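Welcome to my notebook. Here is what I looked up, entry by entry, so you can follow along.

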Amino acid sequence: MEITAYTSFLLVWAVNLFRVCYPNALSKEIKKKSDKSDCGKGAQAEKTGISVVILTQNQEEQLMTLLPRVLEQAYDTFEIIVVDMNSKDNTRIQLENMEKRYDNLKYTFVPKDTRQISLHTLAVILGVKAAHYSWVMLLTPDFMPHSEYWLACMSDNMTENKDFVLGARSVSSGSSSTRSFYYLQEQSRFLSWALHHQTCHCNHVNLAFRKEKLLSCKTLGEYGVLLSGIENIFVNRFSTNERTAVCIAPEALLLEISETKDKDWKKEMLNQKEAKCFYKHKSQYGLYSAFRMGIIWLLFLLSVFTLILSIWAQHWEYTTSIVLLLILWSFLRTRKLKKLSTLFSIKTAGIYLPFYELRLSCIYWSNSIRYAFQDKKVFYRK
């Protein structure tokens, strides 16, 4: 039994170590673009036109803070289209006043009597249809560009052979460590997959795509009634690895300025589970997620069991070896996470603890159980 336990621990530890040390596509991209000081600061003559679609609902204060930052971007050819989703505050009055001062700012609103499609989906479609330029970018007042070169950096990737450009985002400083850790891992994963395999999903902001790509989407009605997740499904179903670019320059980062409560974040995770029903290769993604969550728990349980076994049998050399191997794995994992936290401007605990990954897996499983017993009507527009 001892030999089996120790061998199992070594095998599981080796698998986890491989996952930490293996240089994924995002790590390789970071090394390639180690010098980003000139991002987006080249000649503007060859830059493409961009339509920034901002979706807002009862966010007057945040919107008025965001708009000047976006309107004053160091970029020549762009416009801002604000789509008001039935706000009850003074958003429309504020936009009418700002529209007089900025020629490249315009706004539209979602009709109140929409029935066949969700409010969010209709807002995206209206914003895209109102766009004058061929490239569209999505944004909400919850985020702020990190730099005046945000548009310029993103536009560097808007070449003739690309249809999608995926950008990165941060989380607010008031977010819980678990939520920060979630976005740290999720962004690393889907950006790496977009570079190397197939785009599985994306951020709902800092997403750029060709206008005709969405307007030519004939199957939008299948999932247009979903309350959220339209951006993820769109990217998953209609992007290809060859025609998708990833922008990880610091200047192209979006900073989250609105705090999100844990309960709202978990609710959004639940909504995304319904959206995943429309994904391509959803079974493969599900199996990978189950493996990822299971392997960390297997390492934790085997570590505890072998430590207790070695102490009980007074095999102190085994106890020391197990502790050293766990310290090595934690050190390498911490170093990798610190690089990602710097890249995405996401603050995490100074020392990486398996607690975050174990707790996140518990949240995933609890959401799965909750989703199984949830009335699916709550995910769709009535």
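**Entry 1: the whole protein.** I began with burial: of the 382 residues of the protein, 52% count as buried. I should say at once that this is a predicted model. I then looked up the accessible surface, which comes to about 18,700 Å², with 57% of it belonging to carbon and sulfur atoms. Along the principal axes, the C-alpha atoms fill a box of roughly 80 × 50 × 35 Å. I also checked the radius of gyration: it is 23 Å, which agrees with the value near 21 Å for a compact globule of 382 residues.

**Entry 2: helices, strands and contacts.** I found 14 helices and nine strands in the protein. Among contacts between residues at least 6 apart in sequence, 86% join residues at least 24 apart.

**Entry 3: the sheet.** In what order do the seven strands of the open sheet run? I read 3-2-1-4-7-6-8, with mixed pairing. Strand 3 (105–109) and strand 8 (244–246) are the edge strands, each pairing on one side only. From one strand to the next, the twist averages 20°.

I then followed strand 2 (residues 78–84), which pairs with strand 3 in the parallel sense over five bridges. V82 has Y107 in strand 3 as its bridge partner. Helix 4 (residues 91–99) packs on the sheet and touches strand 1 (50–56), strand 2 and strand 3. The direction of helix 4 makes about 155° with that of strand 3.

**Entry 4: one residue.** Is N236, in helix 10 (residues 230–238), buried or exposed? N236 counts as buried because its relative accessibility is 0%. Leaving out residues up to four places away in sequence, I noted that N236 touches Q198, T199, C200, Y279, K280 and Y285.

Note on methods:
Residues are numbered from 1 along each chain as its sequence is written. This is a predicted model: local features need pLDDT of at least 70, side-chain atom pairs count only at pLDDT 80 or more; totals for chains, interfaces and linings use all residues. Side-chain values use heavy atoms; hydrogens and water are left out. Buried means under 20% relative accessible area, exposed over 50%, partly exposed in between (1.4 Å probe, protein chains only). Contact means heavy atoms within 4.5 Å. Two strands pair if DSSP finds at least two bridges between them. Helices (H or I, at least four residues) and strands (E, at least two) are DSSP runs, numbered from the N terminus. Axes are lines fitted to C-alpha atoms, for helices over the stretch in contact, and angles run from 0 to 180 degrees between N-to-C directions. The radius of gyration is taken over C-alpha atoms; the globule rule is 2.2 Å times the number of residues to the power 0.38. Accessible areas come from the Shrake-Rupley method with a 1.4 Å probe; for residues, only the protein chains shown count as cover.
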